[in-house]
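Subject: Structure handover

Hello,

Here is the structure I promised to pass on. Please open it next to this message; my notes follow below.

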Amino acid sequence: MSATAQSHWTVAPFRLATSIHFVSGRKTMLTNTHTVRPFILCGGSGTRLWPLSTREMPKQFHVLSGRHAMISETANRLPNNISGTPVAPVVAIAGAQWRSLLRQHLPGAGFLLEPFGRNSAPAVAAAALSADSDDLVLILPADHHIGDVPAFHEALSRAVEAATTGALVTFGLHPEYAATGYGYIELNSTADAELPAAPVSRFVEKPDEPTAKAFLDGGRHLWNAGIFLFKASSMIEALEIHAPNILNSVRNSLPTTGPLSIGEERLFQRKSFSEAPSISIDYAIMEKADNVMVVPVAMDWTDLGDFRALHAICAPSGESLLSGPTAETGSRGNLVYSTGPRVAVHDLEGIVVAASPSGVLVSRLDSAAGIRGAVEAASRTTAPNFNPDLTARARAFIRDAMLPCWGEYGWDEKNGGFVEALAGDLCPQTEKPRRGRVAPRQVFTFSTALKIGWDKDGIASRLVDQGLKFIDGPARSPEGGWSHVLAPDQTPLDTRRDLYDHAFVALGTSRAFDATGDDTAERLAVEAFEFIDTYLRDDGPGYTSPETADGKKLANPHMHLLEASLVWYEASGDPIARDRIDLLCGLFESHMFDNRTGALDEVFEQDWSIDRAGECAPIEPGHCYEWAWLLSEVQRLTGRDTASWARRLILFADRFGRDEQGFSFDGVSRTGDPVLPTKRLWPQLERFRARLRFPETAAPGEADRELERLFALYLIEGTPSWYDRLEPDYAPSGTLLPASMPYHFMTALGAL
């Protein structure tokens with residue numbers, strides 16, 4: 001196995017130059033017609049460097065040990081040629097969700113974009129298929145530090161000669177200590193460690209400490225760097241022999257094969273790619289092939305896998321390393337790194353404190369490699385000390401009941417499309433007309449299921465695909481955009497175009513693209529936003545529904561347009577989405593938010609003035625909580641300070657929008673009178689979601705109690721059913737299960 005596990009990948013264009021080749025100590029010039037095609041594998045989220053490295057911004061996109069982001073450093077250290085063999089522009093193999101980050105760091109590079117991670121073997125297969133048969137394919141992890149670049153170039157020269165003979169070449173690092181976290185390459189003899197390239201005896205996965213010490217003393221073992229060089233035809237032949245299922249799945253998932261042009265992007269087809277086993281190239285090929293060679297090299301290498309490794313590189317003499325708004329007194333040998341809050345350390349030694357807007361980590365440096373469990377616990381969207389039994393009950397309801405139920409009954413198998421509701425006995429209400437918002441909300445639901453790892457029997461994948469086809473076909477209005485209401489047989493009943501519906505088309509397709517990288521989802525999202533920004537935009541400023549809103553502006557559709565823009569911005573990096581986010585936040589702050597009360601107004605005239613009807617319109621506590629959560633997403637993704645707005649919304653909804661048992665009313669006046677004293681389920685879910693993001697707005701344990709009350713009065717545990725509404729006397733009502741609710745379940749409970 002390689003020194004580091006890999007599951008996703010990346011690339012770049014700038015290079016240095018060398019042309020010297022070494023054979024048994026003699027300098028020679030290698031002349032051939034081959035081309036070296038470098039592929040940078042950009043995978044994983046760098047859990048052991050959390051909270052600096054996150055899923056949204058993995059460590060390869062951070063500046064850590066050099067002057068540039070790690071992925072750029074990887075690209076920049078490549079030579080223009082290797083012993084006379086030209087080096088082509090780099091190609092990145094990476095998750096589709098990182099497309100915008102890749103383009104920022106690797107302008108002009110080609111991209112192979114995965115809909116999800118499948119470890120390194122499928123990625124290497126894709127690289128071999130994205131080259132000419134005689135090309136030499138160079139595989140490089142995106143997140144390694146190499147201090148001695150000339151030594152790296154010299155090792156590449158030796159590897160080229162071995163690879164042109166048909167060998168599958170890996171790179172072995174002379175071990176510096178008895179590492180137990182790295183894979184090892186065993187040689188036939190100690191003398192082989194001095195050869196330009198040596199045959200591999202075997203690969204050894206991460207050994208225990210006594211074994212690692214024996215390896216270090218014996219002199220026949222090298223660390224596996226996870227860097228590979230091979231002729232494309234040689235790797236394809238090896239895949240045909242040892243892993244034909246990987247080769248076939250990847251070949252079927254690529255839109256085309258052969259070398260990429262400058263800046264070309266290829267997106268793997270989701271279904272075919274999902275059939276490829278998730279396995280490393282070491283297990284799939286290198287441990288089985290009989291033509292594997294290793295190039296021994298000492299090049300000041302580390303995989304920068306944790307904070308201890310980062311400290312060793314940046315502070316080799318053992319002094320403290322401080323970065324960002326940090327300070328220490330009476331302390332030594334620490335790593336204190338912040339991209340967010342100010343951090344002060346006093347009278348401590350050998351610790352790491354890492355802080356960012358995503359969180360704070362405190363650990364001993366010598367145990368920094370073992371933080372995965374703590375990070376996983378801290379990364380869940382749960383309140384501090386959230387009851388694990390309640391988490392398990394919520395997960396069971398979502399994953400074992402609600403999602404399977406809607407996966408089985410939510411799609412109209414006869415007519416197509418998602419049904420508007422299920423009866424209490426789970427019978428699909430196929431005879432009811434379907435609102436234009438239902439299909440994209442369900443696409444959002446099952447795309448979110450994919451993001452949290454739920455795709456039982458392929459249900460989520462199937463419904464996302466079917467839902468996208470429905471949105472792309474029958475759901476359209478013949479007048480452009482999407483219809484407001486459809487008949488059960490998919491014919492339009494109401495072809496008017498409504499902002500709320502279109503915001504959800506944008507949201508559902510954006511989340512589908514975020515979860516799958518599907519090109520249809522991308523095309524539909526772009527189309528939806530373009531329609532909204534042209535046909536539904538006015539000089540108010542803001543957005544309107546000229547065909548459905550009777551000349552009024554409504555806050556709720558703007559809220560969901562903000563939600564859609566946030567999802568799209570995170571998935572694509574689209575600068576137009578960022579501009580739209582700023583516009584919508586400005587409208588919220590200047591018009592929708594009532595500074596006097598902390599409440600959210602709902603109904604406005606076209607110029608955003610509040611008329612008599614708007615003055616009397618109920619304030620919906622559920623929307624206050626929903627806006628609070630979305631505003632926190634604005635701050636997370638853009639840095640815009642929205643915390644005070646969010647907390648004031650929660651304060652109003654908590655103070656005036658709840659009854660004595662803590663349940664949120666459907667609507668209240670500005671003074672807190674319950675003008676809509678019923679209590680639907682969705683406001684309770686939105687309150688819970690806001691509580692998870694802002695636990696400081698309630699007493700310790702309040703999130704536990706709120707979820708407990710939710711189970712007690714709304715959810716029918718052991719079944720996928722629930723009560724949609726409580727009457728003022730707490731009697732449950734609502735015999736139908738509306739298709740709008742799975743969306744709220746996923747936003748509030750899906751990530752638990």
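Asn81 is found in strand E4. The model is a predicted one, so please read everything below in that light. At 21% relative accessibility, Asn81 counts as partly exposed, because the buried class ends at 20%. The side chain of Asn81 reaches the backbone nitrogen of Gly84, at 3.3 Å. Asn81 and Arg393 are 312 residues apart along the chain, and 59 Å separates their C-alpha atoms.

Ser83 follows in the loop between strand E4 (81-82) and strand E5 (85-86). Its phi is positive, about 55 degrees, although Ser83 is not a glycine. Most residues other than glycine have a negative phi. Is Ser83 buried or exposed? Ser83 has 0% relative accessibility, so it counts as buried.

Tyr730 is another non-glycine residue with a positive phi, here about 75 degrees. Tyr730 is found in the loop between E34 and E35. At 22% relative accessibility, Tyr730 counts as partly exposed.

That loop leads to a sheet. The sheet is open and has three strands, in the order E33-E34-E35, with antiparallel pairing. Strand E33 (679-680) and strand E35 (732-733) stand at the edges. Each has a single partner strand, so one side of each is left without a neighbour in the sheet. Two bridges join E33 to strand E34 (residues 725-726), and these two strands run antiparallel. Lys679 has Leu726 in E34 as its bridge partner.

Next, the peptide bonds. Most peptide bonds are trans. The bond from Trp50 to Pro51 is cis, with omega near 5 degrees. Pro51 has its place in the loop between strand E3 (36-42) and helix H1 (70-76). Gly540 and Pro541 are also joined by a cis peptide bond, and omega there is about 0 degrees. Pro541 lies in the loop between strand E27 (537-538) and strand E28 (542-543).

Around that second loop there is a charge over a ring. Arg537 lies over the face of Tyr543, at 5.3 Å from the ring centre. Arg393 has a similar role to report: its charged end sits over the ring of Phe711, 4.3 Å from the centre.

Now the aromatic pairs. The count comes to 26. The rings of Phe529 and Trp568 have centres 6.2 Å apart and planes at 40 degrees, so this pair is tilted. Which helices hold these two residues? Phe529 lies in helix H16 (residues 519-535) and Trp568 in helix H17 (residues 555-572). The pair therefore ties together parts that are 39 residues apart in sequence. Phe529 and Trp568 are both buried.

Phe588 and Trp627 give a stacked pair, because their ring planes are at 25 degrees and their centres lie 4.8 Å apart. Phe588 lies in helix H18 (residues 575-592), and Trp627 in helix H20 (residues 621-638). Here too the parts tied together are 39 residues apart in sequence. Phe588 is buried, and Trp627 is buried as well.

There is also an aromatic cluster to look at. Tyr177, Tyr182, Trp223 and Trp301 form it.

How many residues of helix H24 are buried? Nine of its nine are, and the helix (residues 741-749) is mostly covered. Among the buried residues of H24 are Met741, Pro742, Tyr743, His744 and Phe745. Met746, Thr747, Ala748 and Leu749 belong to that list too.

Last, the confidence. The protein averages a pLDDT of 88, and 94% of the residues score at least 70. Over residues 1-31 the pLDDT is below 50. Beyond near neighbours in sequence, that stretch still has 144 contacts in the model.

Best wishes

Conventions: Residues are numbered from 1 along each chain as its sequence is written. This is a predicted model: local features need pLDDT of at least 70, side-chain atom pairs count only at pLDDT 80 or more; totals for chains, interfaces and linings use all residues. Side-chain values use heavy atoms; hydrogens and water are left out. Two strands pair if DSSP finds at least two bridges between them. Helices (H or I, at least four residues) and strands (E, at least two) are DSSP runs, numbered from the N terminus. pLDDT is the predictor's confidence in each residue, from 0 to 100. Contact means heavy atoms within 4.5 Å. Rings of Phe, Tyr and Trp (its six-membered ring) pair if their centres lie within 6.5 Å; planes under 30 degrees apart count as stacked, over 60 as edge-to-face and the rest as tilted. Buried means under 20% relative accessible area, exposed over 50%, partly exposed in between (1.4 Å probe, protein chains only). A charge sits over a ring if NZ of Lys or CZ of Arg is within 6 Å of the ring centre and within 35 degrees of the ring normal. A polar contact is a pair of N or O atoms within 3.5 Å; within protein, one must be able to donate a hydrogen and the other to accept it, and residues adjacent in sequence count only if both atoms are side-chain atoms.
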